[in-house]
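Here's a quick walk through one protein chain, written for someone who would rather look at the fold than at tables. Have the viewer open as you read.

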Amino acid sequence: MAKFDPDQSHGLSSAVPGFHRMNDADGAVSQTADEPLLHRLDDSRAWRLPSAADVRVIRDKLELSQSQFANRFGLSVRAVREWEQGRRQPEAPARILLLMIANRPNVVDEVLAAAMLVAAA
């Protein structure tokens, strides 16, 4: 199983508008944004998501075809194609998944694999 490397770019800086990675004074990698990537609307668990994600950038960083990307993450090839061509925008649940894929694709793989094992049992 691959470990998440916080020093490695995972696609967010170019895939999500307004997101940047930088090193702080201690040399630790932190994530900053012109506007917060996600921030609470109030004290509840509600978050405001970015309005867009560049699916092609995320997919290209993973070096996957549209079909491979769709199959790996449980998406339809048609949706991926339409998002990339600008004919549709991903809805909130898909944007959450895309943020997770851009940041930690191996975690998404692990969750989907576990769900398949449970479904098969």
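What follows goes from the overall fold to the core, and then to a couple of residues in one helix.

## The overall fold

First things first: this is a predicted model. The chain has six helices and four strands, and reading from the N terminus they come in the order α-β-β-β-β-α-α-α-α-α.

Of the 121 residues, 26% are buried. The accessible surface adds up to about 8,000 Å², and carbon and sulfur atoms account for 53% of that. As for long-range packing, take the contacts with a separation of 6 or more: 44% of them join residues 24 or more positions apart.

## The core

Which residues have the most contacts inside the largest nonpolar core? They are Phe69, Trp83 and Leu98, in a core of 16 residues. Helices H2, H3, H4 and H5 each put in at least two residues, and H5 gives the most, with four.

Phe69 is a good place to zoom in. Setting aside its neighbours within four places in sequence, Phe69 touches Val55, Ile58, Arg59, Leu62, Leu64, Leu75, Val80, Leu98 and Ile101. One of these partners, Leu98, is also on the list of residues with the most contacts inside the core.

## Helix H3 and its cover

Phe69 is one of the buried residues of helix H3 (residues 66-73), alongside Ala70 and Phe73. Looking down the axis of H3, the buried residues fall within an arc of 95 degrees, so they line one face of the helix.

What sits over them? The cover for the buried residues of H3 includes helix H2 (55-61), helix H4 (77-84), H5 and helix H6 (105-120). Just after H3 comes Gly74, with a positive phi of about 70 degrees.

## Two residues in helix H5

Arg95 sits in helix H5 (residues 92-103). Arg95 is buried but has no salt bridge, and the nearest side chain of opposite charge, Glu91, is 7.2 Å away; a salt bridge here would need a side-chain nitrogen of the Arg within 4 Å of a carboxyl oxygen. Apart from its neighbours within four places in sequence, Arg95 is in contact with Leu49, Pro50, Ser51, Ala52 and Pro90.

Ile96 is in helix H5 too. Is Ile96 buried or partly exposed? Its relative accessible area is 40%, so Ile96 counts as partly exposed. In sequence Ile96 and Leu49 are 47 residues apart, yet their C-alpha atoms are 7.6 Å apart in space. Leu49 turns up among the contacts of Arg95 as well.

Conventions:
Residues numbered from 1 in each chain as written. Predicted model: local features only at pLDDT ≥ 70, side-chain atom pairs only at ≥ 80, totals over all residues. Heavy atoms only, no water. Buried < 20%, exposed > 50% of the residue type's maximum accessible area, 1.4 Å probe, protein only. Lys, Arg positive; Asp, Glu negative; His and termini not counted. Contact = heavy atoms within 4.5 Å. Arc of directions from axis to C-beta. Core = buried A, V, L, I, M, F, W, Y, C linked by side-chain atoms within 4.5 Å. Areas by Shrake-Rupley, 256 points an atom, 1.4 Å probe, with all protein chains shown as cover.
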